[in-house]
Amino acid sequence: MARVYISSVIGAPADRIWQTVRDFNALPDWVPAVRESRIEGGQPSDRVGCVRAFRLQDGGFLRERLLALSDYDFSVSYAILESPMGVENYIATLKLAPITDGNRTFAEWTAEFDCDPANEAELIDNIGTNVFQAAFDALKARFGA
Amino acid sequence: MIRVVRSTVIDAPIAAVWEILRDFNGHDRWHPIVRHSRLEESKRTDQIGCVRNFDLEDGANVRERLLSLSDNECRFRYTIVDADIPLHDYVADVELKPVTDGDRTFWRWTSSFNTPPGQEGELAALVATEVYEAGFEAVRQRVERPAAGQERMRRAPAAAPAVQPAGGAAISGTAIVIDRHGGAEELHPAPVEAPPPGPGQVRLQQTAVGVNFIDVYCRTGYFDLLTPPGVPGLEAAGVVVDAGPDVRHLAPGQRAAYACPPLGAYASARTMDAALVIPLPDSIGDEIAAAALLKGVTAEFLLHRVRAVAPGETVLVYAPAGGVGRILCQWANRLGATVIGATSTEEKARVARAAGAHHVVVPGDRSLEEQVRDLTEGHGADVIYDAVGKDSFEHSVAALAERGHLVSFGQASGDIGARDIGMLAETSATLSRPNYVHYTNTPEKFRASAERLFDAIERRFVTIEIGQRFDLQNAADAHRALESRATTGSTVLIPPREGEAAS
């Protein structure tokens, strides 16, 4: 089981950042690697169980199911149903926590998955750096570091 | 039940912070309000159930039991057994998390408890401030790195962009300016400053600038788009330096491009409306983007949105060796159309054939419409892309198939002038006069069009040939080459790199 963990500090209150990241269909608005997204079957994007189908800037196509969403914990969990990455049993959680010292937010993004051991290090680095950290960088650029 | 939550970020690796906090009996070495602490019953400090018995600086005594300790979560919980302070049912949780971005530590300290009526606020403030926040500061002073002064600046709750060189100052660079309309000699380099981006703006360090024939019209004053003194140019690519706080689709360090008014692309750095700028995929290089965007987006909306070309249709493209014409030939071919190019010389005909034109017609004994009908067994062209205008209009209408469509999108030979639309009835023809602006004037439209273009480039439906590169300072030479028809493919200007601008 491979594990990715990336965390950062974003210079705005957690409830504000949550408005952006809670929308399960809004990846193109804040994750640079994502070009376009839709929710299958016209479901609301905050309905647990809904599936987002999205395309990356490099053309890659993914489908992910919303497993859990908590406005109380500022937390969203999802599983990959289909992707070009060669991963299985992929489950990720993005969570925000207020930093009471200075109106900032601690953001952490975790993923666990199975894959071909030969690709594991590269996948961990790619997901951590090009997806999670790049998305946090985009949030920092928008909200402040 | 009262709940207190306090959290902070310590600028030190999590291991350094955990080493201090893990010692349940060691708080008298770092916490300013703990005078002396000892463990009861000879237990170890990391033994679950151990009790620390300590005196505060004000003389109060407190006994607390360790409930849980986790080295892999860097977390422990404890409860007050008894205390001279009326905190009842008190359970506290100390938790550290690594901040991988910068190798820092997030520290959260929470508790819930009851108090005698009327003392809730006072005791909650005591716990939050005197215990938790004072503890944060004490540990911070012990472990933070020498550069802590800078870190304090970063912790300030400012909404400043992540990257703001020179403390938010303007970036100095070079632009090409014209002081009056005229010849290529009017294009001259001048210093320019790109100010920090305001709301809705982005600042780019530009790496490639596209040159289009419309730039010549703007320079001469034929098109009323540039009022001197001013900077010409409609398209460029580069890297995002920083963006306004409300800009959602661009981040510092990201590669990006644009192709639209207002003019001003002939510059090494530029601050502009972020809505006009799109991020570039990895597969599209800066020079390709600068060379392709304006012409390619034009071809995209002509082929897909003005009138969607279907497989099996016959398409006639004027100026098939030109910037837009060549892309139209390539793309229409890949869409399954039969492509006929209309040009003037055998050399340009070769370019058109290489780009995907199945047939090329050149002026000769027979008229254009007769040649098109010969090639299509009398059917005519289903769609005609005509940027020639005045001289070609009537030939185009005559070459149309039944219910064919004429797209008039330029006037290289002069204004088309007033025409009688009654002639369209001969084939039930339709006519459109699209304007680039109306297909690109929202971020959604432009982005959708550019993405289809990038996809076509990635699939090699469309190839972009960069025939000439000029240093930005030599923009006048680029215009001379363009006006003398000496160029092939696209022309790009390369701005000086950051730091070279002053030389």
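**Exercise 1.** On the other side of helix 7 of chain B, away from its buried residues, which residues are exposed? Work with the predicted model.

*Solution.*
Step 1. List the buried residues of helix 7 (residues 346-355) of chain B: B:K348, B:A349, B:V351, B:A352 and B:A355.
Step 2. Check their directions. They cover an arc of only 160° around the axis, so they sit on the same side of helix 7 of chain B. The general rule helps: an α-helix has 3.6 residues a turn, so residues three or four places apart point the same way.
Step 3. Turn to the other side of the helix. There, B:E346 and B:E347 are exposed.

**Exercise 2.** Find what the buried residues of helix 7 of chain B pack against.

*Solution.*
Step 1. Look for a helix. Helix 6 (323-334) of chain B is one of the partners.
Step 2. Look for strands. Strand 16 (338-342) and strand 17 (359-361) of chain B are also packed against these residues.
Step 3. Move just past helix 7 of chain B. B:G356 has a positive phi of about 125° there.

**Exercise 3.** Describe the setting of strand 12 of chain B.

*Solution.*
Step 1. Judge burial. Four of the five residues of strand 12 (residues 255-259) are buried, so the strand is largely enclosed by the rest of the structure.
Step 2. Find the pairing with strand 11 (residues 235-243) of chain B. The two are antiparallel, with five bridges. B:A237 has B:A257 as its bridge partner.
Step 3. Find the pairing with strand 14 (residues 278-279) of chain B. It is antiparallel too, with two bridges. Here B:A256 has B:P279 as its bridge partner.
Step 4. Place B:A257 in the largest nonpolar core. This core has 171 residues, and B:A257 is among those that touch the most other members.

Technical notes: Residues are numbered from 1 along each chain as its sequence is written. Chains are lettered from A and ligands numbered from 1 in the order in which they are written. This is a predicted model: local features need pLDDT of at least 70, side-chain atom pairs count only at pLDDT 80 or more; totals for chains, interfaces and linings use all residues. A nonpolar core is a set of buried Ala, Val, Leu, Ile, Met, Phe, Trp, Tyr and Cys residues joined through C-beta atoms within 7 Å. A residue is buried if 20 or more other C-beta atoms lie within 10 Å of its own, exposed if 12 or fewer, and partly exposed in between; C-beta atoms are placed from the backbone. The arc is that of the directions from the helix axis to the C-beta atoms. Two residues are in contact if their C-beta atoms, placed from the backbone, lie within 7 Å. Two strands pair if DSSP finds at least two bridges between them.
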